[in-house]
Amino acid sequence: MATESIALRPVESTFWQGVRLGLPVVVASAPFAILFGAIAVDNGFTVPEAVLMSALIYGGASQMVGIELFGQNIAPWLVVVSIFAVNFRHVLYSASIGRRLAHWPLWQQAVGYFVLTDPQFAEAERKAESGEKVGFVWYMGMGLAIYLCWVIESGLGALFGKLIPDTHAIGIDFLLPIYFLGLVMSFRKRPLWLPVVLVSGVVSVIAYKTIGSPWHVSVGAAAGIVLGALVAPTNGRHAAK
C-alpha cells in the first residue's frame, strides 16, 4: 500500500501543478463568465440553458456572439458560421499544438482539444519549448480547473446576475487583458515576435474600428500568421547558410 501511495504522488503533483497554472485564468475570466450568464438570462435563456451553452461551446466571445444572434431572425447556419469565425483562432492553435500531443491516445487528444484555450495553448507551448513533455495529467489539471470554473461561474451569473455591479465601473474586466499581455510577453524571445505582435495589434485595431467586435480578434490573428508565414521561410534559408 505504501508503494502504491508513493507511485501516485508524482501524478498527483503533476495534476496540481496544472491546476495552479489555471487559477490566475479562473480569476481573470470570472467577470466575463458571470457577465455571460447574466446576459444570457436577460436575452431569454433559462439558467440550465445558459450553463449548457457554456459547457458545450466553451468560448467566451463565441457565446456572446451566439446570444446576440439567437434572438434575431437569422438563419441557423449563419449563427454557426459566425461562432466558428469568431473562434477560428482555436483551429490554428490546434494545428500548432498537435505535435505536442501526438504521443497521447486519440481519446485523450480529443479531450485535450476540447479544453484548449488561449492560456492553455501558451502554457503548453512554453512547457514544450523548455524541453519538457506535455503530459495529459498536467494538461488536464490546468484545463479542467478553467473549464469547470467557467461553467460554474456562468451558472452563478445566470442565477444572480441582477445583483452583479457593472464590471466596467470597478475595473474587474481589465484583469483578462493584463493576463493575456503577460502570455504574449512570455514569447518575446521568439524570432519575429515584435513584428508579428505589432502587425496583429494594428490590424486588430483597424478591424475593430471598421468591422467591429469580436471579429477583430480573428482578423488580427490572421494578419500575424500571414506575416509569419511570409517571412519565416526567408529566415530559415538564412539559418541554413
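This text follows helix α5 and the salt bridges of a predicted model.

Helix α5 covers residues 89-101, 13 residues in total. From its first C-alpha to its last, the helix reaches 18 Å, close to the 18 Å expected at 1.5 Å a residue. Nevertheless, α5 contains a kink of about 30°, centred on A95. Several of its residues are buried, among them R89, H90, Y93 and I97; G98, R100 and L101 are buried as well.

One of these buried residues, R100, leads to the salt bridges, of which the structure holds four. R100 pairs with E125, with 3.1 Å between the closest N and O atoms. This pair links distant parts of the chain, since R100 belongs to helix α5 and E125 to helix α7 (residues 118-129), 25 residues apart. Both R100 and E125 are buried.

Helix α7 also holds a salt bridge between E123 and R126, whose closest N and O atoms are 2.5 Å apart. These two residues of α7 are separated by three positions, about one turn of the helix. An α-helix has 3.6 residues a turn, so residues three or four places apart point the same way. E123 counts as buried because its relative accessibility is 9%, under the 20% cut-off. R126, by contrast, has 34% relative accessibility and therefore counts as partly exposed.

A further salt bridge joins K127 to E132, the closest N and O atoms being 3.0 Å apart. Salt bridges with shared partners also connect R99, R100 and E125 into one network. In the K127 pair, K127 is at 13% relative accessibility and so counts as buried, whereas E132, at 44%, counts as partly exposed.

Conventions. Residues numbered from 1 in each chain as written. Predicted model: local features only at pLDDT ≥ 70, side-chain atom pairs only at ≥ 80, totals over all residues. Heavy atoms only, no water. Helix = DSSP H or I, 4+ residues; strand = E, 2+ residues; numbered from the N terminus. Expected span 1.5 Å × (residues − 1). Bend = angle between axes of the 7 residues up to and from the residue. Buried < 20%, exposed > 50% of the residue type's maximum accessible area, 1.4 Å probe, protein only. Salt bridge = Lys/Arg side-chain N within 4 Å of Asp/Glu carboxyl O.
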